[in-house]
Protein chains: 2
Amino acid sequence: MIPPDPRQLEQARAARSSYRGGLVEPTSGVAPGLVQANLIAVPADWAYDVLLYAQRNPRACPVLEVLDAGSVASRMAPGSDLRTDLPAYRIWRDGELAGETADASSAWEEHPDLVSFLIGCSFTFEAGLAEAGIPIRHQELGRNVPMYRTARACAPAGRLSGDLVVSMRPIPAGRVADAVRISGRYPAVHGAPVHVGDPAGLGIADLGAPDFGDAPEIRDGEVPVFWACGVTPQAAIVASRPPFALTHAPGHMFVTDVPDANYLA
Amino acid sequence: MIPPDPRQLEQARAARSSYRGGLVEPTSGVAPGLVQANLIAVPADWAYDVLLYAQRNPRACPVLEVLDAGSVASRMAPGSDLRTDLPAYRIWRDGELAGETADASSAWEEHPDLVSFLIGCSFTFEAGLAEAGIPIRHQELGRNVPMYRTARACAPAGRLSGDLVVSMRPIPAGRVADAVRISGRYPAVHGAPVHVGDPAGLGIADLGAPDFGDAPEIRDGEVPVFWACGVTPQAAIVASRPPFALTHAPGHMFVTDVPDANYLA
């Protein structure tokens with residue numbers, strides 16, 4: 001593995017420590033150059049469905065790590081604790097959002113056999129886009145990235161089905177090809193966009209009203225570019241109603257110690 | 001999906017039909033340009049272990065498709081039947097090789113809940129190597145590719161553990177970089193080599209005595225180049241002793257209708 005540099009590592013540890021202490025913030029731009037991950041955790045008897053759903057929908061659900069049942073220590077961040085080290089969590093019961101919390105310890109008390117999946121996040125390649133001088137609008141504005149449920153069905157797996165969720169970044173028309181090329185180098189973290197322009201083609205009626213995250217600001221000469229999003233499993237939870245699930249809150253990711261460069265194709 | 005051209009499709013269908021009729025042959029070079037796949041099928045209560053083992057060892061076990069329990073019709077080859085359409089199968093009981101057969105129908109009679117995994121195969125990028133003028137020695141000689149158990153442990157998953165298995169191709173020293181580059185374009189089918197030269201570094205004592213396949217012929221000026229191999233799950237079966245498993249016989253793959261180009265990164 002390509003190791004993190006000490007400054008990056010310090011940033012990642014400081015961020016996780018703040019979140020453990022109760023800070024809630026979107027993580028876009030935090031510890032740039034290190035991988036961030038989506039979380040979905042389910043009781044062990046649902047783990048195969050989730051892993052198979054991910055396998056059949058790899059663009060939306062690229063699996064970075066699967067923890068053993070009950071384990072909360074990710075290999076991607078030694079010393080971390082998945083129960084507390086994300087800034088915000090969502091708890092789901094029978095497919096309904098039952099609450100949002102900054103400390104998910106109770107989930108493991110309730111379900112000691114919880115199996116956690118860490119799934120790649122498009123924040124990973126944002127550092128590459130920014131380095132190439134491509135504006136990351138939601139970061140400039142201090143907002144969360146806008147995310148949308150689409151009308152595109154994912155491949156079902158066992159008891160799970162649902163629609164694809166995408167994140168959107170407005171990109172200047174002259175930089176769209178660069179954004180495709182750069183993000184395409186990271187197939188393990190969503191890779192190239194699934195759709196460029198034409199929100200209606202994805203069944204998105206109003207870009208100004210995202211289903212998750214904050215409203216975007218699209219300027220003249222910019223094109224909306226859509227990437228498969230790790231919130232996709234949350235849409236499957238809503239559609240498929242497992243008795244219990246724990247996820248990160250959209251945009252509030254698990255910050256790891258693993259440099260993005262490890263996921264370059 | 002990039003569709004196959006009609007001539008390729010005819011070759012793939014003819015090959016599967018011959019195998020269904022009883023022909024046994026290694027499939028390297030058959031229907032060039034179309035993906036070939038390793039098979040491992042286990043009773044449903046072992047499926048999560050296999051899928052997790054693959055997730056944790058993606059170089060060796062890149063999953064192309066997971067069929068639902070009991071299903072024998074692959075989406076990668078409409079009209080196919082996994083029970084009969086591979087040239088040769090191996091049946092495993094408690095980790096021991098219990099027999100080799102050209103017709104695996106009895107496995108599904110015995111275990112109607114068998115879950116089949118199709119795993120990427122390095123034969124996929126051989127067409128790319130050959131197109132670039134890189135010799136594929138085992139094809140030239142009409143032999144099976146040599147495969148070796150290594151001393152490198154895979155990441156364990158649930159009840160499964162075992163060592164990495166590699167395939168080896170002797171490559172002229174001046175073409176090694178090209179072979180790395182070309183195979184690296186196909187991360188979903190083992191990708192770039194895991195090791196170049198120095199067999200002892202993998203724990204391989206004698207290149208002339210492969211654990212699977214046929215002995216190689218290494219000529220002056222050639223370097224042994226090692227790729228992660230889809231026979232790796234068979235080594236895990238031997239080491240982990242599940243009560244039952246069905247696999248392809250090494251080198252005797254499932255020939256699909258899917259062009260290699262679909263797996264270009």
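In this predicted model, A:R169 lies over the face of A:W227, at 5.2 Å from the ring centre, and the charged end of A:R159 sits over the ring of A:W46, 3.9 Å from its centre; a charge is taken to sit over a ring if NZ of Lys or CZ of Arg is within 6 Å of the ring centre and within 35 degrees of the ring normal. Local features need pLDDT of at least 70, side-chain atom pairs count only at pLDDT 80 or more, and totals for chains, interfaces and linings use all residues. Side-chain values use heavy atoms, with hydrogens and water left out, residues are numbered from 1 along each chain as its sequence is written, and chains are lettered from A and ligands numbered from 1 in the order in which they are written.

Over all chains, 4 aromatic pairs are found (rings of Phe, Tyr and Trp, the last by its six-membered ring, with centres within 6.5 Å; planes under 30 degrees apart count as stacked, over 60 as edge-to-face and the rest as tilted). The rings of A:Y148 and A:F226 have centres 6.5 Å apart and planes at 75°, so this pair is edge-to-face. Both A:Y148 and A:F226 are buried, that is, under 20% relative accessible area, where over 50% is exposed and values in between are partly exposed (1.4 Å probe, protein chains only). In chain B, B:Y148 and B:F226 likewise form an edge-to-face pair, with 6.5 Å centre to centre and 75° between the planes, and B:Y148 and B:F226 are buried.
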